[in-house]
Amino acid sequence: MTNAIILASGCGIRFQDNQPKQFMKLAGLPVIVHTLRTFQTSALIDSVVVVCHEDYVDHVWGLCDQYGLGKVAKVVVGGETRQDSSRIGLECCGPDTDYVLLHDSVRPFLTHKVIDKLVAAVRIYGAVDTVIPSADTLVQIDAEGFIEAIPDRSSFRRGQTPQAFSYRLILNAHKKAIVDGIVNATDDCQLAMRLGNKVFTVNGEEQNIKITYPIDLHIADKFFQLNAVSLSDRENAKQLPEQLHGKAFVIIGGGSGIGASLVRLLRGASRKVYSLGRNTTPALDVLSPDSIDAALDVVLKNEGRLDYVINCAGDLIRKPVACMDLDEWRYLYDINVTGCFNVAKALIPLFKQQHGGSLMFVGSSSYTRGRAGYAAYSSSKAALVNFCQAFAEEMNSLNVRVNVASPGRVNTPLRYRNFGQEDLATLLDPDFVAAQIVQALAIETTGSVFEIV
């Protein structure tokens, strides 16, 4: 039995905000929800105990109910210090607990990869810390502020969380600390080492930052915007996720390029795959709300529900601002942004009625930075990302997931019309991109940007 203890008792004094930082919104969700979701979806974690301030116990339970965090078994009141809160969390674990992972609620970028390494190591060593190398020179100063020594940083590491322990080992370490009068230890590994235990280390990840100051929240938001999920594993993409089999799909813009590849691929998993566009029957034009409603109604009459909608409709005009006229600018924003709004708007009552659904927009890696010749295209794709993140937050209570797939340069007719002949070795194959999008559909996340490279 491996349990996680999430330490969320902090009041955010350094954050200088009335609301504790663990409850502030990040990419549409409270920071603590991002953190808890990682443990919720880890196959190696059996149960979770949240330790928080007494004023927020009911609030945490409300979040667990709202976001389906069923692994949270207890929400308990913490103590005055981190050491107190860790001990309370340990004492509230069940008697059948074998191993525990202690983690800061304000480290929302923890990955399953790190959890997997920690659990494997703690079963061997009994005490394990997560660390990363120090990229900065370390300076030791004296009481007056002068440099006293500059140690070799190659043997130094920066500690992160989670820290993993044999349950009895760390519980005994906390009990011994109380007997010895130690009341404000800031690190559980310190307590384990006081009993003579050696602490093994596993490599963490740079992005597993701790949100401590307001600037950290801005940095974290950029992490979610630019690198929420990266998909590049060509081997895993060959297998269609089991949960997609037999589901009902609509691919808007499925007549060519990535859309056509999606249609072919998904028809291997389901017969309920509808390719809709301006030249299909029924016809669907993303700039015509009436046509969207009519086309979706046909699918609903046939299938009874819609599980996944993928909007591939979009266009590119490669021109510098000086050469682009207003009609071209408006057209690109209409097809790349307003069309997505129209699709999203049409799906709200449908998804609400069926209590859930998944909407994926196909964007572009161009959204991360504007470049000469792409002012309209890049800015419209950036607008799409921000729209999807906002819409994902609005739809979260309805069990609706809204995400964006952002591939790099893809070998499609659209690209050929704008660039002509190119070296195919420098372009992504649309079948590969489609396979990656299908993998992304199976990931339980919302408001995410899936980078496909």
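Student: In this predicted model, which residue of β6 is the bridge partner of Asn3?

Tutor: Start with the two strands. β1 covers residues 2-8 and β6 covers residues 99-104. They run parallel and are joined by six bridges. In β6, Asn3 is partnered by Val100.

Student: In what order do the seven strands of the open sheet stand?

Tutor: The sheet is open, and its pairing is mixed. Strands pair through backbone hydrogen bonds, either parallel or antiparallel. Reading across the seven strands, the order is β5-β4-β1-β6-β10-β7-β11.

Student: Which strands stand at the edges, and why is one side of each left without a neighbour in the sheet?

Tutor: An edge strand here has a single partner strand, so one side has no neighbour in the sheet. That applies to two strands, at residues 72-77 and 200-203. They are β5 and β11.

Student: By how many degrees are neighbouring strands of this sheet turned against each other on average?

Tutor: Take the average over neighbouring strands of the sheet. Ignore direction. The turn is 25 degrees.

Student: Helix α2 lies across β4 and β5; at what angle does it run to β5?

Tutor: α2 spans residues 57-66, and β4 spans 47-52. The angle runs between N-to-C directions, on a scale from 0 to 180 degrees. For α2 and β5 the value is about 165 degrees.

Student: What angle does α5 make with β10?

Tutor: Helix α5, residues 167-179, packs on the sheet. It touches β6 and β10, the latter at 157-166. The direction of α5 makes an angle with that of β10 of about 110 degrees.

Student: How many residues of helix α3 are buried, and which elements cover them?

Tutor: α3 runs over residues 82-91 and is mostly covered. Among its buried residues are Gln83, Arg87 and Leu90. The cover includes β1, β4, β5, β6, α5 and α6. The buried count is seven of ten.

Student: Where are the cis peptide bonds of Pro162 and Pro282 placed?

Tutor: Most peptide bonds are trans. Thr161 and Pro162 are joined by a cis bond, with omega about 10 degrees. Thr281 and Pro282 are joined by another cis bond, with omega about 0 degrees. Pro162 lies in strand β10, while Pro282 lies in the loop between β14 and α9.

Student: What is the phi of His355, and is this residue buried or exposed?

Tutor: His355 sits in the loop between α10 and β16. Its phi is near 60 degrees, a positive value in a residue other than glycine. The cut-off for exposed is over 50% relative accessible area. At 64%, His355 counts as exposed.

Student: Where does Asn399 lie, and what is its phi?

Tutor: Asn399 is exposed, with a relative accessible area of 54%. The residue lies in the loop between α11 and β17. Most residues other than glycine have a negative phi. For Asn399, phi is positive, near 65 degrees.

Student: How many disulfides does a search of the whole structure find?

Tutor: A disulfide needs two cysteine sulfur atoms within 2.5 Å. For Cys340, the nearest cysteine sulfur is that of Cys388, 6.4 Å away. Cys340 is in no disulfide, and Cys388 is in none either. The search of the whole structure finds zero.

Student: Are Cys340 and Cys388 buried or exposed?

Tutor: Buried means under 20% relative accessible area. Cys340 has 2%. Cys388 has 1%. Cys340 is buried, and Cys388 is buried.

How values were computed:
Residues numbered from 1 in each chain as written. Predicted model: local features only at pLDDT ≥ 70, side-chain atom pairs only at ≥ 80, totals over all residues. Heavy atoms only, no water. Buried < 20%, exposed > 50% of the residue type's maximum accessible area, 1.4 Å probe, protein only. Pairing = 2+ DSSP bridges. Helix = DSSP H or I, 4+ residues; strand = E, 2+ residues; numbered from the N terminus. Contact = heavy atoms within 4.5 Å.
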